[in-house]
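Trainee: Before I take this model to the bench, could we go through it together, one question at a time?

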Amino acid sequence: MAKLDNETSRTFSEFLLLPNLTKKDCSSDKINLKTPLVRFTKKPSLSLNIPMVSAVMQAVSGPNLAIALAKQGGLSFIYCSQPIDEQAEMVNKVKRFKAGFVLSDSNIKEDDTLKDVVSLARTTGHTTMAVTEDGSPHGKLMGVLTSRDYRLEKCNLKDPVNKYMTPFSKTIHAIEGISLEEANDLIWAHKLNSLPIIDKKGNLKFFVFRKDYNQHKMNPSEMIDDEKRFIVGAGINTWDYKERVPALVDAGADILCIDSSDGYSEWQKDTIQYIKSKYNVPVGAGNVVSGDGFKYLADCGADFIKVGIGGGSICITREQKGIGRGQATSVMAVAKARDEYFRKTGTYIPICSDGGIVNDYHMVLALAMGADFIMLGRYFARFDESPSKKMKISGNFVKEYWGEGSNRARNWQRYGTSGNLTFEEGVDVYIPYAGKLSDNVNVSLSKIKSTMVNLGVNTINELQKNARITTVSSLSLREGGAHDVTVRENEYYPSP
């Protein structure tokens with residue numbers, strides 16, 4: 001007969017946190033939410049500034065959401081259920097979006113026409129263009145053209161670029177080797193929007209943009225690399241990784257994540273070991289729900305491990321196949337194995353709680369139970385920046401959301417097949433539209449910090465060590481919300 005695990009499979013909603021003593025030095029403005037993203041022995045080479053990553057899903061992790069989340073200090077994994085070149089281009093778009101020293105991807109020649117300029121602007125989305133001798137990113141700089149130099153309604157589209165551009169002789173520029181701080185000082189001193197950087201031979205090397213400085217000041221927690229570019233992840237599968245990984249690495253992916261409904265497999269071992277033998281890029285694996293699964297992927301070389309099967313709001317794996325485990329129980333079991341692995345080997349491997357987050361306080365519970373960070377799908381799919389459509393149904397705005405296990409996603413490789421799914425493990429739904437990512441994430445982070453203050457902790461590490469949790473009954477859950485009263489709507493309150 002089958003082996004029986006007598007531990008009850010529990011969800012986050014079956015627990016509450018018990019308050020600890022809040023000391024005077026514990027306040028929301030002192031909370032540090034930085035958390036390791038990859039395995040380490042002394043210090044992680046890559047950490048998150050907030051413990052949030054977005055799910056490897058078509059309806060969630062596109063380039064716009066990746067940029068918006070990186071600004072807040074989190075990370076997106078661009079979805080892999082698409083052609084390799086399209087995924088690589090999404091990754092590259094994120095890496096190009098912001099940098100201290102930006103490689104120019106909008107370049108023209110003096111004898112090109114305004115029609116060429118308009119076409120290039122539509123392709124790149126950029127209106128500041130370098131005019132180089134040969135039209136290449138590193139050609140001799142002849143001048144700069146911006147949208148302020150011409151008015152389309154007044155100009156002839158057949159006119160050459162050199163009729164409108166600011167020539168090199170009048171272009172304020174800097175020589176390669178200048179520091180970013182010095183470049184920004186020049187921008188401010190001369191009231192510029194951009195500053196071209198050239199080498200000693202006059203060849204274009206980079207641009208520095210005023211907007212990048214402003215963005216950093218507005219988002220001090222943003223996730224950026226050594227070149228001031230946004231950090232971005234990419235999902236991969238265990239089928240075409242030998243073709244997909246090189247393209248993603250070339251595009252600039254900082255970290256990879258194997259997207260699979262069940263990570264406790266030899267397919268993941270092969271994928272991890274191939275990547276480790278060929279590339280210097282970290283790779284996460286999963287999903288698992290047990291200590292055995294964690295140890296297997298840890299020994300394979302996974303840099304972080306995802307936890308959770310069947311807990312997502314659009315996942316129906318448990319009811320279709322009877323496989324899975326309550327998310328709270330899964331996280332605690334894997335965290336226990338993670339801590340034991342650390343004691344035995346000296347290597348700490350972060351774990352990611354993936355799925356089962358319904359309320360914001362579930363985020364704190366997941367972290368307290370041992371997760372180093374959380375992966376969210378439905379949460380991020382509600383926002384303006386997600387790739388799905390915003391619609392109006394019955395007078396309410398909603399966004400489309402579908403699981404990678406649904407037929408709509410057509411993500412055969414995630415489930416180990418190369419043709420149509422014979423049955424679905426995900427559904428296609430609508431979810432309430434929630435507005436901008438930044439507004440919602442700030443509210444959620446405020447709740448996390450406020451809860452941590454009640455628990456008397458300033459870091460996630462302290463939270464994991466000192467938090468106390470208790471199981472709750474269904475009646476105590478009811479007691480926890482407004483009850484036995486009539487709640488007044490906002491319109492009853494007088495205007496301030």
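**Sheet, cysteines and helix packing**

Mentor: Gladly, and please keep in mind throughout that this is a predicted model. Let us begin with a single pair of residues in the sheet, where Asn107 stands opposite Ala130 in E7.

Trainee: In what sense do E6 and strand E7 pair, and over how many bridges?

Mentor: The facing pair Asn107 and Ala130 belongs to this part of the sheet. Strand E7 covers residues 129–132, and E6 pairs with E7 in the parallel sense, over 2 bridges.

Trainee: Which residue stands opposite Thr166 in E9?

Mentor: We can walk across the sheet from E7, which is joined to E8 by 4 bridges in an antiparallel run, with Ala130 standing opposite Val144 in E8. From E8 the step to E9 is again antiparallel, with 2 bridges. The residue that stands opposite Thr166 is Val144.

Trainee: In what order do the 4 strands of the open sheet come?

Mentor: The pairing is mixed, since E6 and E7 are parallel whereas E7 and E8 run antiparallel. The edge strands, each pairing on one side only, are E6 (107–108) and E9 (166–167). The order is therefore E6-E7-E8-E9.

Trainee: How many of the 5 residues of strand E8 are buried?

Mentor: Strand E8 spans residues 141–145, and the rest of the structure largely encloses this strand. Buried here means under 20% relative accessible area, and the number of E8 residues that count as buried is 4.

Trainee: Why is there no bond between the sulfur of Cys352 and the closest cysteine sulfur?

Mentor: A disulfide is a covalent bond between the sulfur atoms of two cysteines, and the cut-off used for such a pair is within 2.5 Å. Cys352 is buried, at 0% relative accessibility, and Cys300 is also buried, at 8%, but Cys300 is in no disulfide, with the nearest cysteine sulfur, that of Cys257, 15 Å away. By this rule the count of disulfides is 0. For Cys352 the closest cysteine sulfur, in Cys257, is too far for a bond, because the distance is 7.4 Å.

Trainee: Is the packing of helix H11 against helix H13 parallel or oblique?

Mentor: Asp360, Met363 and Val364 in H11 meet Ser444, Lys447, Ile448 and Thr451 in H13, and the crossing is right-handed. H11 (residues 360–368) and H13 (residues 437–454) have axes 9 Å apart, at an angle of about 50 degrees. Angles under 35 degrees would count as roughly parallel, so H11 packs against H13 in a way that is oblique.

Technical notes: Residues are numbered from 1 along each chain as its sequence is written. This is a predicted model: local features need pLDDT of at least 70, side-chain atom pairs count only at pLDDT 80 or more; totals for chains, interfaces and linings use all residues. Side-chain values use heavy atoms; hydrogens and water are left out. Two strands pair if DSSP finds at least two bridges between them. Buried means under 20% relative accessible area, exposed over 50%, partly exposed in between (1.4 Å probe, protein chains only). Axes are lines fitted to C-alpha atoms, for helices over the stretch in contact, and angles run from 0 to 180 degrees between N-to-C directions. Angles under 35 degrees count as roughly parallel, over 145 as roughly antiparallel, 65 to 115 as roughly perpendicular and the rest as oblique. A crossing is left-handed if the near helix is turned anticlockwise from the far one by less than a right angle, and right-handed if clockwise. Contact means heavy atoms within 4.5 Å.
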